[in-house]
Amino acid sequence: MEQEGKKRIWSEYQKEIADDHYFYVRSCIRQTFFPGSETTFLKILRDDLSRDVFEDARHTTCTGIGYHTDIVPFETIMTIAARHFALMTEAGYVNFVPSCVTSFGIYTEILDTWKHFPEMEAKARDYLWTATRREFKIPDNLSHTSDIIYRFRNELAELSGHRLVNKNDGKPLKVVEHIGCHYAKMFPKCGVGGAEFPAVLSGMVEAWGGEVIDYPERRHCCGFGFRQYLIKANRGYSLSNSKKKFESMQPYQPDFIVANCPGCAMFLDRWQYTIAEMEGITYDKSGKGIPVLTYEELAGLIMGYDPWVMGMQMHQISVEPLLDKIGIVYNKKDKYLGSKGQYIGVPQPPHFLLQ
Amino acid sequence: MNKTIVIVGGGPAGLEAAAALGSSPHHVLILEKEHNTGGKLKNWHHLFPNFADASEILKSLEKSLPLNNSEIKYDCDVFKMEQMDGNLLVSLKSGEKIKADAVLLATGFDLFDAYKKEEYGHGIYKNVITSSELEGMFVNNSFPDQLKDGLPKKIAMVHCVGSRDKKAGNMHCSKLCCITGVKQAIELRKYLSKSSVYNFYMDLRMYGQHFEELYQEAQEDYGVNFIRGRVSEIAEISDGKLQVKAEDTLSGRPMKMIFDLVVLLIGMTPATSAASIAQSLALPKSGSGFLAPVHQHISANETCIPGLFLAGTCREPLSLQESITDARAAALKIIEWLKLKDNH
């Protein structure tokens with residue numbers, strides 16, 4: 001593999017990422033799947049990097065899942081996006097930062113549509129005014145939250161107490177980076193590094209001392225695919241996509257997977273349990289599965305955040321083997337304690353995946 | 001009265017035009033941007049459809065150059081032209097200016113930069129090469145060691161890389177890649193006798209004399225496989241082999257195959273060296289960016305600028321045979337133009 005060739009491609013996909021003053025919009029599903037990730041992002045930005053991040057409780061779903069399953073029409077989702085831009089405008093911000101890759105894709109698609117079809121923007125403005133008497137400005141900058149962490153990857157490396165290095169042998173940890181399809185596959189220019197060789201997560205991993213694995217099915221979708229998962233009869237498609245990826249990455253024996261999309265992180269984590277239950281197969285040597293992290297969790301770990309405060313006990317695949325490799329000290333007893341120290345219960349152990 | 005004819009480009013078209021102008025009383029000056037003549041022909045091994053030795057053809061073209069009235073200047077980068085008192089003033093980057101009674105643009109073509117098809121990984125995966133690089137391996141006998149270990153190899157040839165591809169910015173058909181793919185597949189089977197070669201294509205445009213026969217020969221005598229389907233992506237697997245995903249549109253099924261080498265058949269694109277000249281004269285271009293003649297059918301060598309002519313692949317993708325014929329036609333037009341000029 002020629003790294004120079006990759007760098008040549010990356011050099012053509014250097015998007016502008018705002019430096020400060022972010023209007024942050026949360027994801028509908030991430031707080032359930034990976035409950036500490038968004039809080040970790042805010043803490044890193046506000047406390048560690050001293051950046052200004054604003055949230056508005058009136059922000060709603062972008063309805064992206066409904067849109068991609070043909071339930072929500074384009075005019076509706078466009079008007080909802082316009083309302084979110086109006087909330088940003090009213091708050092005096094110009095840098096719009098969605099936490100969800102689906103939402104990022106939605107906003108990118110809508111802004112591109114308005115650029116090429118101004119009559120659609122006029123329609124959205126008219127609908128929004130009729131419904132809410134609101135007006136909005138187009139954001140100066142649209143960046144996904146993974147773009148923001150990417151932007152500050154070197155600063156975080158300097159502040160961090162941990163490196164992505166196996167403390168037992170001193171070798172870089174082998175990392176699978178998985179990019180959500182809606183991050184750059186639709187609009188390669190809107191993603192760091194483009195669609196074929198995205199650099200947004202690999203840039204973080206390398207800056208923090210890890211080694212990225214380029215396995216054959218790297219580009220392949222995790223299988224979420226909205227209709228593939230949401231329609232129960234289609235779930236086999238979803239599972240088979242993830243299985244294809246696991247089989248492809250297995251020979252490289254990755255230490256963990258990091259993803260920037262809610263669906264990807266969820267399914268790459270949960271489907272390992274499903275495959276183990278169905279076929280008795282795991283994709284790592286220890287039989288414990290390959291841990292799957294969000295990029296905020298990864299950033300939090302290298303910054304020394306408590307994995308249980310970040311909600312990593314909610315993962316299907318136990319993260320302890322990874323924590324041990326990095327050399328992160330954690331308290332086993334605290335794993336199933338809530339934020340107020342209350343016992344939150346231990347899940348029933350799976351039949352095949354070892355804990 | 002002797003005139004000065006400047007030919008920009010010392011490739012096959014430029015050389016042949018100079019040879020054809022040898023019988024005229026005019027002074028012919030070839031301005032070549034490189035250290036030597038021959039253009040891309042000098043990097044080619046054998047030519048379709050009869051496997052003629054490219055170096056022999058080049059020697060023959062160079063030998064035909066008239067010694068009495070022609071001159072070649074090397075390392076000349078022409079960047080601008082102006083119309084001046086019925087003549088053309090040719091400006092070189094060196095600062096030199098040359099007054100010409102007529103100019104023939106024979107600036108040739110560029111090869112499509114395969115890295116733009118990012119999904120194929122050229123420049124990233126070492127066993128993904130272009131058809132041009134494969135010719136270089138034939139010329140220099142420089143195949144990678146892993147292909148020469150005597151073991152059976154699987155080789156994929158991907159047609160239409162950067163041609164007929166709106167996303168790559170090229171709508172035009174480069175027309176010669178199909179037959180090049182067939183020719184190179186046969187050469188690979190000859191060179192690596194235990195290899196199996198698979199051509200992935202949209203459709204095969206065997207337009208020329210003996211092209212169809214060579215396509216049949218490739219299948220019947222050399223066992224070359226042809227799969228109708230475009231390759232969607234290439235990825236490297238752990239031992240440097242390549243995983244190729246495509247759709248077999250005849251069976252209607254997606255497929256995934258492992259290869260030792262992938263050859264990307266890159267097409268012709270407009271020469272960047274002609275761009276500044278065209279801009280300086282506001283010379284029109286065709287939709288695909290090649291230089292446009294006055295009339296595609298009846299004045300294919302003439303331009304809207306008096307005294308400026310086109311020959312060869314600067315105006316459209318052409319085979320060597322077509323370029324040579326085209327150059328002769330352009331030479332005739334130049335002689336006619338200079339006679340008319342004298343009469344006025």
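This report describes chain A, the contact between its two domains, and its interface with chain B, in a predicted model.

**Overall form of chain A**

Chain A contains 16 helices and eight strands. Its radius of gyration is 20 Å, close to the 20 Å that the globule rule gives for 355 residues, so chain A is as compact as a globular protein of that length. Measured out along the principal axes, the C-alpha trace of chain A spans about 60 × 50 × 50 Å. The chain is divided into domain 1, residues 20–145, and domain 2, residues 162–331, and the C-alpha centres of these two domains of chain A lie 26 Å apart.

**Two contact surfaces**

The table sets out the domain contact within chain A and the contact between chains A and B.

| Parts in contact | Residues in contact | Buried area | Share from carbon and sulfur atoms |
|---|---|---|---|
| Domain 1 and domain 2 of chain A | 28 residues and 27 residues | about 2,500 Å² | 72% |
| Chain A and chain B | 18 residues and 18 residues | about 1,600 Å² | 46% |

**Between the domains of chain A**

Of the area that domain 1 of chain A buries against domain 2, F33(A), F34(A) and V101(A) supply 24%, more than any other three residues. Two salt bridges are counted between these domains, and a salt bridge also joins the side chains of R227(A) and D70(A), with an N to O distance of 3.5 Å. The polar contacts between the two domains amount to seven residue pairs. On the side of domain 1 that touches domain 2, the helices α2 (30–33), α3 (37–48), α4 (64–68) and α6 (101–116) of chain A each supply at least two residues, and α6(A) gives the most, with seven residues. By class, this side of domain 1 of chain A has ten nonpolar, twelve polar and six charged residues.

**Between chain A and chain B**

Where chain A buries area against chain B, M1(A), P216(A) and R219(A) supply 32% of the area from chain A, more than any other three residues. Four salt bridges are found across the interface of chain A and chain B; R219(A) also meets E233(B) in a salt bridge between their side chains, at 3.9 Å from N to O. Ten residue pairs are in polar contact between the two chains. Helix α1 of chain A, residues 3–11, contributes four residues, the largest share of the side of chain A that touches chain B, and the residues of that side divide into six nonpolar, two polar and ten charged.

Definitions and conventions: Residues are numbered from 1 along each chain as its sequence is written. Chains are lettered from A and ligands numbered from 1 in the order in which they are written. This is a predicted model: local features need pLDDT of at least 70, side-chain atom pairs count only at pLDDT 80 or more; totals for chains, interfaces and linings use all residues. Side-chain values use heavy atoms; hydrogens and water are left out. Domain bounds come from an automatic or database domain assignment. Contact means heavy atoms within 4.5 Å. Buried area is the accessible area (1.4 Å probe) that two parts lose on being put together, summed over both. A polar contact is a pair of N or O atoms within 3.5 Å; within protein, one must be able to donate a hydrogen and the other to accept it, and residues adjacent in sequence count only if both atoms are side-chain atoms. Ala, Val, Leu, Ile, Met, Phe, Trp, Tyr, Cys and Pro count as nonpolar, Asp, Glu, Lys and Arg as charged, and the others, Gly among them, as polar. The radius of gyration is taken over C-alpha atoms; the globule rule is 2.2 Å times the number of residues to the power 0.38.
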